[in-house]
Amino acid sequence: MVLDKIKYDQLAEELKQKDASLIAVSKTKPVEDILRLYEYGQRDFGENYVQELTEKQPVLPADVRWHFIGHLQRNKVKYIAPFVYLIHGVDSLKLLKEIDKEAAKCERVISVLLQVHIAMETSKFGFDETELEEGLRQSSALKNVAVKGLMGMASFTDDQRRIAAEFGSLKRLYDQYRKPYDFSVLSMGMSSDYRIAIEEGSNMVRIGSLLFGARQYS
Ligand SMILES: *Cc1c(COP(=O)(O)O)cnc(C)c1O
């Protein structure tokens with residue numbers, strides 16, 4: 001169930017007050033639901049799966065800005081390179097170089113965020129602090145990718161202080177590299193923790209279930 005217009009407007013206003021942009025995470029959701037939000041005025045949508053994204057993109061309005069927020073496999077970069085607006089989850093130098101290569105073929109510069117591993121859980125993808133420094137250093141030589149900032153996901157826990165601490169650690173890295181690398185985007189926060197993320201300095205939140213209702217995986 002897509003949020004009604006009044007509630008959407010409330011959320012959009014809350015985020016606007018905090019200077020945070022809203023990415024509507026539409027993975028698993030049908031095109032009709034995306035169009036509903038599009039009619040409300042939403043233009044930024046996030047998807048996690050390449051195949052799903054490449055099926056939806058051609059049937060939705062051309063001015064939708066598509067964010068790829070999932071774990072991206074190198075051999076699939078070519079399918080989204082022609083149109084993707086921002087790739088959030090770049091978690092290795094190899095992937096960054098592949099995006100650069102495919103972007104060059106499309107004569108584009110693709111904007112990306114480097115994903116940093118901030119959660120205590122071992123399953124989450126991302127650079128650690130040392131790898132991040134090296135990744136950023138090497139990214140400067142790549143002509144067809146523009147690193148716009150950082151992305152991270154907090155641990156899946158009810159412990160609000162731990163979530164805040166993890167987001168806080170990403171904000172510190174963002175501040176450290178913001179000037180030298182001309183960052184403008186700090187993507188952190190989802191339905192359950194976006195308010196904490198904004199408190200900690202996020203300026204881009206990725207919200208799915210709060211907008212579209214709970215996801216059902218078959
Ligand atoms: C699914 C997903 C989201 C949105 O999650 P919700 O809890 O539904 O808001 C945000 N970010 C990433 C990386 C996701 O995979």
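**Loop residues, buried positions and the ligand site**

D19 is located in the loop that joins α1 (5-17) to β1. The structure is a predicted model, and the values reported here were computed from it. The backbone of D19 is notable for its phi angle, which is positive at about 55 degrees although the residue is not a glycine. D19 has a relative accessible area of 65%. Because a residue counts as exposed over 50% relative accessible area, D19 is classed as exposed.

A positive phi also occurs at D182, another residue other than glycine, where the angle is near 60 degrees. D182 belongs to the loop between α7 (160-181) and β7 (185-187). Its relative accessibility is 64%, and D182 therefore counts as exposed.

Strand β1, which follows the loop of D19, spans residues 21-25 and contains V25. V25 has a relative accessibility of 5% and so counts as buried, the limit for this class being under 20%. In sequence, 184 residues separate V25 from S209, yet the C-alpha atoms of the two residues are 7.8 Å apart in space.

S209 leads to the ligand site. The ligand is surrounded by 13 residues, of which K27, N48, S191, S209 and R215 come nearest. Classified by residue type, the shell consists of six nonpolar, four polar and three charged residues. The ligand sits in the largest pocket.

Polar contacts to the ligand involve both backbone and side-chain atoms of the protein. At S209, a polar backbone atom is 2.8 Å from an oxygen atom of the ligand. At R206, a polar side-chain atom is placed 2.9 Å from a ligand nitrogen atom. At R215, a polar side-chain atom lies at 2.7 Å from an oxygen atom of the ligand. On its own, the ligand has 390 Å² of accessible area, of which 91% is covered by the protein.

Side-chain contacts to backbone oxygen atoms were also found within the protein. N144 is part of the loop between α6 (129-139) and β6 (145-151). With a relative accessible area of 18%, N144 falls under the 20% limit and is therefore buried. The N144 side chain reaches the backbone oxygen of R108 at a distance of 2.8 Å. Q115 is a residue of strand β5, which covers residues 110-115. The relative accessibility of Q115 is 6%, so Q115 counts as buried. Its side chain reaches the backbone oxygen of F125 at 3.3 Å.

M153 is situated in the loop between β6 and α7. The relative accessible area of M153 is 25%. Because the partly exposed class lies between the buried limit of 20% and the exposed limit of 50%, M153 is partly exposed. The C-alpha atoms of M153 and V116 are 8.1 Å apart, with the two positions 37 residues apart in sequence.

T54 occupies a position in helix α3, formed by residues 50-56. A relative accessible area of 27% was computed for T54, which is therefore partly exposed. T54 and V84 are 30 residues apart along the chain, and a distance of 9.9 Å separates their C-alpha atoms.

Q42 is found in the loop between α2 (31-40) and β2 (44-47). With a relative accessibility of 4%, Q42 counts as buried. The C-alpha atoms of Q42 and L136 are separated by 31 Å, and the two residues are 94 positions apart along the chain.

The loop residues described above thus differ in accessibility, because D19 is exposed, M153 is partly exposed and Q42 is buried.

Conventions: Residues are numbered from 1 along each chain as its sequence is written. This is a predicted model: local features need pLDDT of at least 70, side-chain atom pairs count only at pLDDT 80 or more; totals for chains, interfaces and linings use all residues. Side-chain values use heavy atoms; hydrogens and water are left out. A residue is near a molecule or strand if one of its heavy atoms lies within 4 Å of it. A polar contact is a pair of N or O atoms within 3.5 Å; within protein, one must be able to donate a hydrogen and the other to accept it, and residues adjacent in sequence count only if both atoms are side-chain atoms. Accessible areas come from the Shrake-Rupley method with a 1.4 Å probe; for residues, only the protein chains shown count as cover. On a 1 Å grid over the protein atoms alone, a cavity is a set of points where a 1.4 Å probe fits but cannot get out, and a pocket is an open set with protein on both sides within 12 Å along at least five of seven lines; lining residues have an atom within 4 Å of a point. A molecule sits in a cavity or pocket if more than half of its atoms lie within 2 Å of its grid points. Ala, Val, Leu, Ile, Met, Phe, Trp, Tyr, Cys and Pro count as nonpolar, Asp, Glu, Lys and Arg as charged, and the others, Gly among them, as polar. Helices (H or I, at least four residues) and strands (E, at least two) are DSSP runs, numbered from the N terminus. Buried means under 20% relative accessible area, exposed over 50%, partly exposed in between (1.4 Å probe, protein chains only).
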